[in-house]
Amino acid sequence: MNDIKLAVLGSEGVGKSALIVRFLTRRFIGEYASSSECIYRKRLSIDGRQLNLELYDPCSQPCEGKSSLNEQMHWADGFVVVYDISDRSSFVAAKAIVHLIRELHLGVTKRDMDSVVFLVGNKQDLCHVREVSREEGQRLAAEGKCQFYELSAAEHYQEVALMFSKVARNAGLSGKAKDRRRPSGSKSMAKLINNVFGKRRKSV
Ligand SMILES: Nc1nc2c(ncn2[C@@H]2O[C@H](COP(=O)(O)OP(=O)(O)OP(=O)(O)O)[C@@H](O)[C@H]2O)c(=O)[nH]1
């Protein structure tokens, strides 16, 4: 299997785009436009194999041709479910997404250690205003058979890269044929660059 499709899910403002941009460009850029959903592509070499990675970044706001969570889930081989450690409501949303993935029997692998569902507590640099403890994150990950990471798109390039490489590797190992009906917004790196410094301004 050479094509790996990952959906990066989570509530608004948790840092989904920031994590993807960090992974693709090594840079943290504080402001993103997020008025449309996007798929970004990257070629990766993992264990000597060339993989075509597709990363789906949903649009949290209503937007034209927006795909449903159900479509996003059936499209993907692997999932990165993100919450913000300084925002409890984003953790509640992440919990619901993890449970939905499990209810749909997606991301099931023979060995838990090869899980293709990764739970990520982002914005670890904001631990002074933390609302979700590391233990709660670990508990949810154990419950949902996810791998767990706490990291900061703002501060940790290596951890972000490792996390994406690992979920891509696990998704590649567990690869099974899928209905490839994909979310609507297939975009290139140029689109990603256009999104940076886009219309919707956000502050940390
Ligand atoms: N302090 C801090 N801020 C972050 C981090 N990651 C993202 N942010 C900020 O959080 C805000 C939201 O980031 P986005 O990447 O746009 O979040 P998103 O989940 O893609 O948001 P939507 O597109 O609205 O769903 C931005 O102001 C980012 O600069 C982080 O690790 N630390």
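A search of the whole predicted model finds 4 aromatic pairs. One of them joins Tyr83 and Phe91. The two rings meet edge-to-face, with 4.8 Å from centre to centre and 70 degrees between the planes. The pair is classed as edge-to-face because its plane angle is over 60 degrees. Tyr83 is buried, at a relative accessible area of 0%. Phe91 is buried too, with a relative accessibility of 5%. Both residues count as buried because their values fall under 20%. A charge is also placed over a ring: Lys42 lies over the face of Phe23, 5.3 Å from the ring centre.

The strands form an open sheet of 6 members with mixed pairing. Their order is E2-E3-E1-E4-E5-E6. Strand E2 (38-46) and strand E6 (147-150) stand at the edges. Each has a single partner strand, so one side of each is left without a neighbour in the sheet. From one strand to the next, the twist averages 20 degrees. Strand E5 (residues 117-122) runs parallel to E6, and 4 bridges join the two. Within this pairing, Gly121 has Glu150 of E6 as its bridge partner.

Helices pack on this sheet. Helix H4 (residues 134-143) touches E4, E5 and E6. The direction of H4 makes about 160 degrees with that of E6. Helix H3 (residues 88-103) lies across strand E1 (3-9), strand E4 (78-84) and E5. H3 runs at about 160 degrees to E4. Phe91 of the aromatic pair falls within the range of H3, and Tyr83 falls within that of E4.

The largest nonpolar core has 35 residues. Leu6, Phe23, Leu55 and Phe164 have the most contacts inside this core. Two or more residues each come from E1, helix H1 (16-25), E2, strand E3 (49-57), E4, E5 and helix H5 (157-173). H5 gives the largest share, 8 residues. Phe164 falls within the range of H5. Neighbours within four places in sequence aside, Phe164 is in contact with Leu6, Val8, Leu19, Ile20, Phe23, Leu55 and Val80. Phe23 thus appears in two settings: among the core residues with the most contacts, and as the ring beneath Lys42. A second core is separate and has 23 residues. Ile39, Phe79, Ile85 and Phe148 are among its members.

Terms used
Residues numbered from 1 in each chain as written. Predicted model: local features only at pLDDT ≥ 70, side-chain atom pairs only at ≥ 80, totals over all residues. Heavy atoms only, no water. Phe/Tyr/Trp six-rings, centres within 6.5 Å; stacked < 30°, edge-to-face > 60°. Buried < 20%, exposed > 50% of the residue type's maximum accessible area, 1.4 Å probe, protein only. Lys NZ or Arg CZ within 6 Å of the ring centre and 35° of its normal. Pairing = 2+ DSSP bridges. Axes fitted to C-alpha atoms, helices over the stretch in contact; angles between N-to-C directions. Contact = heavy atoms within 4.5 Å. Core = buried A, V, L, I, M, F, W, Y, C linked by side-chain atoms within 4.5 Å.
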